[in-house]
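Reader: I am new to protein structures and would like to learn how to read one. Could you take me through some questions?

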Amino acid sequence: MSVQEYLEKHLLPRKIEEAVNAAVRAKAADPVLFISTHMRRAAPAVITQVRARQILDSRGTPAVEVDLHTNKAVHRASAAAASAPEGAAVDATRDAEKRRLLAKAVADAVRVINGKVSEALVGMDPQQQAQIDQAIMDLDKAHHKTEVGANAMLAVSIAACKAGAAEKEVPLYKHIADLVGKSATTLPVPAITVINGGTHAGNSLPIQEIMILPVGAKNFEEAMQMGSETYHHLKDIIWEKYGADSCNIGEDGGFAPNISSITEGLDLVIAAIDRAGYNGRIKLAIDVSATDFCVGKKYDLEFKSAKKSGQNFKTGDDMIEMYSQLCSEYPLVSIEQPFDKDDWEHSKKFTTLELCQVVGDDLLMSDPERIKRAVNEYTCDALTLKANQVGTVTEAIEVVKQAKDAHWSVMVSHRSGDTDDSFIADLAVGAAAGQIKAGAPCRGECLTKYNQLLRIEEELGTEAVYAGENWRTAAT
């Protein structure tokens with residue numbers, strides 16, 4: 001084939017002329033760069049390959065990372081591997097075995113992605129998120145996505161979402177907002193972990209997290225400043241009261257002083273807020289993760305103690321009484337997973353009191369059927385959205401819509417044992433969630449989410465709206 005025949009076959013003379021004319025109209029200072037960019041945009045993006053590898057998450061356990069190649073660029077995403085129920089307590093021997101099995105599961109997922117997932121997606125337009133996710137889901141018909149794995153599916157789906165945003169030449173959060181059908185201007189209130197307990201720390205505190213919500217900040221930047229200052233004042237208070245060795249941190253970056261009382265933990269945080277000068281501007285939240293210490297139909301608040309007094313083995317009604325008292329004595333505005341994942345009865349009893357936001361985590365597992373039941377029975381009024389529980393971006397968006405249709409709040413959440421992928425920051429803004437839970441202002445996998453939100457707020461400029469006092473209604 002001659003040069004002239006090649007040019008004519010691919011319509012290059014016309015395309016080049018169009019690019020030159022565009023450069024002239026734009027008065028391009030660098031016409032070569034302008035024309036090359038123009039020509040690149042003229043070619044539609046298609047997926048050419050999907051490659052996966054095993055990496056390590058924040059716990060040092062295997063996770064999946066994906067590079068999604070198009071004919072224009074490479075887009076990377078990662079997702080922590082789902083193993084046992086989050087927070088499950090294991091001894092050293094079982095933990096070693098779990099890690100071995102998890103490594104095998106991740107290796108299997110990598111092979112599946114590099115094989116049939118890649119084959120299924122090659123040639124697809126990365127802007128077509130729903131079609132891409134459907135193609136992935138078609139490869140795994142199991143209810144809990146055990147064939148490909150929810151974490152593997154999510155990493156591919158997120159990488160495709162990033163590629164779609166790049167092709168549209170818009171920020172990721174705006175692309176997600178287009179998929180959701182919302183405007184992307186609302187910055188979420190961060191639920192910042194300051195104290196860890198439960199199975200996420202080696203102390204005696206039964207609940208998993210005590211968090212602060214800077215609802216009185218004027219913007220997200222100030223919210224993080226308030227959260228960071230309070231966090232560091234808390235460290236000083238813990239040091240003064242319990243000594244330096246009590247300033248160690250738990251899995252979400254919260255401090256882990258050897259306390260056993262929930263009120264003692266809340267008192268420490270209140271003291272830190274007061275010392276930081278933010279009284280009235282910061283509210284409290286707790287993640288109880290009660291599934292971890294439910295025994296039969298009772299709750300063992302001394303489940304981590306070697307010497308049990310027997311005084312802290314509570315019924316569901318006892319727990320309701322305890323939560324009610326906490327809400328009356330502290331500025332406690334949100335309680336996550338206050339009962340066992342199957343204790344629908346007491347979840348409903350407590351939610352109907354309307355003392356605070358009641359967030360479903362294990363109760364819902366981001367499962368549409370469980371959400372539907374919870375809506376019908378009024379067993380909570382907010383959703384913890386963990387994208388790795390649903391499997392794809394499209395499914396996560398559908399779950400958000402389901403929660404919003406019920407006039408619920410939505411808390412986009414990281415997971416313990418996370419990677420440094422900041423996708424959930426863009427998801428929180430794109431879905432107008434109003435709340436994000438990403439751990440403490442400490443540890444790289446937590447800060448990557450918060451720092452991305454700072455960048456988004458800066459980019460939005462005067463259009464940015466901080467959820468603030470409207471943190472519960474921003475999602476509806």
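Author: Happily; what follows is a set of questions and answers on this predicted model.

Reader: Which residues have the most contacts inside the largest nonpolar core, and which helix gives the most to this core?
Author: The largest nonpolar core holds 134 residues. Those with the most contacts inside it are V66, L121, L234, V269, Y323, I335 and L385. As for the helix that gives the most to this core, eleven residues come from α6 (residues 150-168).

Reader: Let me pick L121. Which residues does L121 touch, leaving out those up to four places away in sequence?
Author: Good choice, as L121 is among the residues with the most contacts inside the largest core. Once residues up to four places away in sequence are set aside, L121 touches I47, V50, I132, A135, I136 and V156.

Reader: Is V20 buried, partly exposed or exposed?
Author: You can find V20 in helix α2 (residues 12-26). Together with I16 and V24, V20 forms a nonpolar patch on the surface, and the three have about 240 Å² of accessible area together. Buried means under 20% relative accessible area and exposed means over 50%. V20 has 35% relative accessibility, so V20 counts as partly exposed.

Reader: Now the strands, please. Which residue of β15 is the bridge partner of S413?
Author: S413 belongs to β14 (residues 409-413), where five of five residues are buried. On one side of β14 are S409, M411 and S413, on the other V410 and V412, and both faces are covered. β14 pairs in the parallel sense with β15 (residues 434-439) over four bridges. There, the bridge partner of S413 is K437.

Reader: Which residue stands opposite S409?
Author: Here we turn to another pairing of β14, the one with β13 (residues 382-385). These strands pair in the parallel sense over four bridges. The residue opposite S409 is A382.

Reader: How many residues of α15 are buried?
Author: Helix α15 covers residues 423-430 and is mostly covered. The buried residues are F423, I424, A425, D426, L427, A428, V429 and G430. That makes the answer eight of eight.

Reader: Is S289 buried or exposed, and what is its phi?
Author: S289 lies in the loop between β7 (283-287) and β8 (294-295). S289 counts as buried because its relative accessible area is 7%. Its phi is positive in a residue other than glycine, near 50 degrees.

Reader: What phi does E169 have?
Author: E169 sits in the loop between α6 and α7 (172-180). Although E169 is not a glycine, its phi is positive, at about 60 degrees.

Methods: Residues are numbered from 1 along each chain as its sequence is written. This is a predicted model: local features need pLDDT of at least 70, side-chain atom pairs count only at pLDDT 80 or more; totals for chains, interfaces and linings use all residues. Side-chain values use heavy atoms; hydrogens and water are left out. Patches are made of residues with over 30% relative accessible area and no salt bridge: like charges are joined within 9 Å, nonpolar side chains (Val, Leu, Ile, Met, Phe, Trp, Tyr) within 5 Å. Accessible areas come from the Shrake-Rupley method with a 1.4 Å probe; for residues, only the protein chains shown count as cover. A salt bridge is a side-chain nitrogen of Lys or Arg within 4 Å of a carboxyl oxygen of Asp or Glu. Helices (H or I, at least four residues) and strands (E, at least two) are DSSP runs, numbered from the N terminus. Buried means under 20% relative accessible area, exposed over 50%, partly exposed in between (1.4 Å probe, protein chains only). A nonpolar core is a set of buried Ala, Val, Leu, Ile, Met, Phe, Trp, Tyr and Cys residues joined through side-chain atoms within 4.5 Å. Contact means heavy atoms within 4.5 Å. Two strands pair if DSSP finds at least two bridges between them.
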